Amino acid sequence: MKWALLDGVPDEDVRALLSIARRRQFARGEVVFHQDDPADTLHLIDKGRFAVRVQTSLGDTAILSVLGPGEMFGELALLGEAEARRSATVAALEAGETRSVHRLDFERLRREHAGTSGVLIAILSGQVRRLSQHLLEALYVPADKRVLRRLVEVAELYGDDTVPLTQEDLAGLAGTSRATVNRVLREEEERGAVKLGRGRTTVLDAEALGRRAR
């Protein structure tokens with residue numbers, strides 16, 4: 001398995017990181033960690049998809065992202081702040097497996113292999129780029145296009161035409177309201193680009209969705 005955020009990191013340093021990682025398996029719906037839990041482990045995804053969710057002060061829950069094989073979560077755990085807390089809840093959308101790296105193990109690895117600091121830099125810089133892209137989209141890209149972009153991305157992540165997420169989940173991913181998502185999907189269903197079902201959306205014409213999302 002190759003993790004995109006580690007591209008460019010020397011193979012020796014990646015192998016050193018994986019040598020201290022522990023394999024963890026999760027059942028469908030199982031929570032990896034909760035928002036406000038101690039932040040002490042990084043997870044590299046080997047199998048399955050995981051949802052990153054946050055709860056607002058009003059008690060509402062929004063999904064921030066869906067991550068799959070080759071991606072990771074919990075990277076702030078490697079910054080070395082013992083009092084750090086999780087900023088979101090992560091749960092398995094299906095049976096999954098990760099390689100977890102505890103902060104103390106990573107600190108020990110950095111002392112023994114100075115080059116592995118590049119791993120941390122690669123992880124954090126990659127996440128900053130992704131967050132910056134989503135921020136720019138939120139400011140300058142219309143909500144309709146954001147909905148289509150997230151739908152196409154998640155369909156590609158699953159490698160399947162069926163996206164097993166609710167409209168509320170898609171609204172969280174796109175940073176808009178459920179009403180907007182419902183309207184956009186209904187319009188695309190009328191065009192024949194998608195088919196709507198209970199808690200899922202089937203993409204029938206990804207190319208057309210991609211064109212309208214640009």
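In this predicted model, strand β10 is joined to strand β11 (residues 200-203) by 4 bridges, and the two strands run antiparallel. Within this pairing, L196 has T201 of β11 as its bridge partner. The two strands belong to an open sheet of 3 strands, ordered β9-β11-β10, in which the pairing is antiparallel. At the edges of the sheet lie β9 (162-163) and β10 (194-197), each of which pairs on one side only. In general, the strands of a sheet pair through backbone hydrogen bonds, in either a parallel or an antiparallel manner.

Contacts between charged side chains were examined next. The count of salt bridges comes to 18. One of them is formed by R22 and D105, whose closest N and O atoms are 3.7 Å apart. This pair links distant parts of the chain, since R22 belongs to strand β1 (residues 22-26) and D105 to helix α2 (residues 103-112), with the two positions 83 residues apart in sequence numbering. The two partners differ in accessibility class: R22 counts as exposed because its relative accessibility is 54%, over the 50% cut-off. D105, in contrast, has a relative accessibility of 14% and therefore counts as buried, the limit being under 20%.

Helix α2 also holds a salt bridge of its own. The side chains of R103 and E107 meet at 3.7 Å, N to O. Both residues lie in helix α2, 4 residues apart, or about one turn of the helix. R103 counts as buried because its relative accessibility is 10%. E107, at 23% relative accessibility, falls between the two cut-offs of 20% and 50% and so counts as partly exposed.

A further salt bridge connects the side chains of R150 and E137, with an N to O distance of 2.7 Å. R150 lies in helix α4 (residues 143-158) and E137 in helix α3 (residues 117-140), so this pair ties together parts that are 13 residues apart in sequence. Both R150 and E137 are buried. Elsewhere, R23, D46, E97 and R99 are joined into one network by salt bridges that share partners.

The helices that carry R150 and E137 also pack against each other. Two packed helices are described by the angle between their axes and by the distance between the axes. For α3 and α4 the angle is about 145°, and the axes are 9 Å apart. On the α3 side the contact is made by H134, E137 and A138, and on the α4 side by R146, R149 and R150. By class, the residues of this contact divide into 4 charged, 1 polar and 1 nonpolar. E137 and R150, the partners of the salt bridge described above, are thus among the residues of the helix contact, because contact means heavy atoms within 4.5 Å.

Aromatic side chains were considered last. The structure holds 3 aromatic pairs. One of these is formed by F50 and F73, which are tilted, with 5.5 Å centre to centre and 45° between the planes. F50 is in strand β4 (residues 50-55) and F73 in strand β6 (residues 72-73), 23 residues apart, and the pair links distant parts of the chain. F50 counts as buried because its relative accessibility is 0%. F73, at 4% relative accessibility, likewise counts as buried. Together with F26 and F33, the residues F50 and F73 form one aromatic cluster.

Technical notes: Residues numbered from 1 in each chain as written. Predicted model: local features only at pLDDT ≥ 70, side-chain atom pairs only at ≥ 80, totals over all residues. Heavy atoms only, no water. Pairing = 2+ DSSP bridges. Salt bridge = Lys/Arg side-chain N within 4 Å of Asp/Glu carboxyl O. Buried < 20%, exposed > 50% of the residue type's maximum accessible area, 1.4 Å probe, protein only. Axes fitted to C-alpha atoms, helices over the stretch in contact; angles between N-to-C directions. Nonpolar A, V, L, I, M, F, W, Y, C, P; charged D, E, K, R; others polar. Phe/Tyr/Trp six-rings, centres within 6.5 Å; stacked < 30°, edge-to-face > 60°.
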